[in-house]
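This report looks at the aromatic pairs, the metal site and the ligand pocket of one protein. Have the sequence and the structure at hand.

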Amino acid sequence: MAEPLTEALTALEQANRRQASAELQQQILDLRIRAGRDRPAQPPAPPTAPGVNRTAQDRGAIPEIPRRELGAQRLCDAIHGSGAAIVRGLIDSEQAGQLRTLIDRVVAAREHPESAPPREEDAAWYLRSKEVSGAPARFFANPDEPVSASSSIWAADSPRVACELLELYAALGLPALLAEYFGEPARLSVKKWVLRKVAPDNAAQAGWHQDGRFLGETIQTVNMWLALSDCGGAAPAPGLDLVLDGRREIYPTGTAGAIFDWTVGPELVAKVAADCGGVVQPRFAAGDALFFDHYNLHRTAFAPHHTAVRYAIESWFFAASTAPLKQQPILL
Ligand SMILES: O=C(O)CCC(=O)C(=O)O
Ligand SMILES: [Fe+2]
């Protein structure tokens, strides 16, 4: 990163820490989006060549990496061996609770701006940056209902929360971890950094998908899916279904009984699952993180026993030289 840019960001972030300000939060995000457009030349191959370790896959479970042992090689082995890794307690339950509260505040700013101002002196809760293009993300919202039970909001649409998350990721050491994993710095993006609230939907069948189907294959990614609620398995809120599959392959969509042209059909999912480690529905506590990449075949796991809303944050990280401009990269 260019020296003057680093200095400008450090100064803005220090000022915002001393006295939080909507203006500063917006400036920090704008600068990071502008800088994210800088695409470095293709770097040499990353030092972490895939070392396939299928032992965890054989046990039929996603490998778990103790928080203190989280490193690029362990992550690489797990993702290439089984398609994913779990780090329990990446953040503690108190931090997870604070993030749930922040998400609720952002949702309120969008749904009820009259009682939850989108902008306060010390917080840009829900403000569209002039650096962002495209309509505000409003997926899952039902226009007939004043408040949608499920919400997905781009983190970048809340500079207040985006700044908080950037500080958290730095404190967790993610920039260094990902730089080692990719062999170059990582980027976030406007479109694939999402605050999620998923309501129970007992009759729903979410679509099986691989994010590489949308993002392309000539990329290097890591998604950190951070659970902020007790969810998955027998928990009261929906988690994720995942196929234990470390293969680097994008499967055809819209066939084998698929309901949509962008989803992988259930018959094909069953076949892939039978060929590798099966389907898993991990149980997550608030604060547990799941890591996977664009080859992972997964879906939101709805089940009849669900009664609670699930909060999570989905953060797709890209190797800087491969970050698709369409996703609007953000400097990490
Ligand atoms: O949070 C969910 O239910 C879906 C997440 C997902 O598909 C992803 O992180 O790629
Ligand atoms: Fe996904």
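## A stacked pair

Phe 260 has a relative accessible area of 40% and is therefore partly exposed. Trp 262 is partly exposed too, at 32% relative accessibility. The model behind these values is predicted.

The two residues form an aromatic pair. Their ring centres lie 5.6 Å apart, with 10° between the planes. The pair counts as stacked, because planes under 30 degrees apart fall in that class.

## Other aromatic pairs

The whole structure holds 7 aromatic pairs. One of them joins Trp 225 and Phe 284. Here the centres are 5.2 Å apart and the planes stand at 55°, so the pair is tilted.

Trp 225 sits in strand β7 (residues 221-227). Phe 284 belongs to the loop between β9 (279-280) and β10 (289-292). The pair therefore ties together parts that are 59 residues apart in sequence. Trp 225 is buried, at 3% relative accessible area. Phe 284 is buried as well, with a relative accessibility of 0%.

Elsewhere, Tyr 169, Trp 193 and Phe 317 are linked into a cluster by ring pairs.

## The iron site

Which protein residues are donors of the iron ion (ligand 2)? They are His 209 through NE2, Asp 211 through OD and His 298 through NE2. These donors lie 2.1 to 2.3 Å from the ion. Along the chain, their spacing reads H-x1-D-x86-H.

The two histidines link distant parts of the chain, 89 residues apart. His 209 is in the loop between β6 (193-198) and α8 (212-215), while His 298 is in strand β11 (residues 298-301). Both His 209 and His 298 are buried.

## The pocket of ligand 1

The shell around ligand 1 includes the iron donors His 209, Asp 211 and His 298. Trp 225 of the tilted pair also lines ligand 1. Among the other residues around it are Arg 196, Asn 223, Leu 240 and Phe 292. The shell divides into 4 nonpolar, 4 polar and 4 charged residues.

Strands β7, β11 and β12 (310-319) each supply at least two shell residues. The largest share, 3 residues, comes from β12.

Oxygen atoms of ligand 1 lie by several polar side chains. A side-chain N or O atom of Thr 300 is 2.5 Å from one. For a polar side-chain atom of His 209 the distance is 3.2 Å, and for an N or O atom in the side chain of Glu 314 it is 3.3 Å. Taken alone, ligand 1 exposes 290 Å², and the protein buries 96% of that.

Terms used:
Residues numbered from 1 in each chain as written. Chains lettered and ligands numbered in written order. Predicted model: local features only at pLDDT ≥ 70, side-chain atom pairs only at ≥ 80, totals over all residues. Heavy atoms only, no water. Donors = N, O, S within 2.8 Å, 3.2 Å for Na, K, Ca; no water. Helix = DSSP H or I, 4+ residues; strand = E, 2+ residues; numbered from the N terminus. Buried < 20%, exposed > 50% of the residue type's maximum accessible area, 1.4 Å probe, protein only. Phe/Tyr/Trp six-rings, centres within 6.5 Å; stacked < 30°, edge-to-face > 60°. Near = heavy atom within 4 Å. Polar contact = N/O pair within 3.5 Å; in protein donor to acceptor, adjacent residues only side chain to side chain. Areas by Shrake-Rupley, 256 points an atom, 1.4 Å probe, with all protein chains shown as cover. Nonpolar A, V, L, I, M, F, W, Y, C, P; charged D, E, K, R; others polar.
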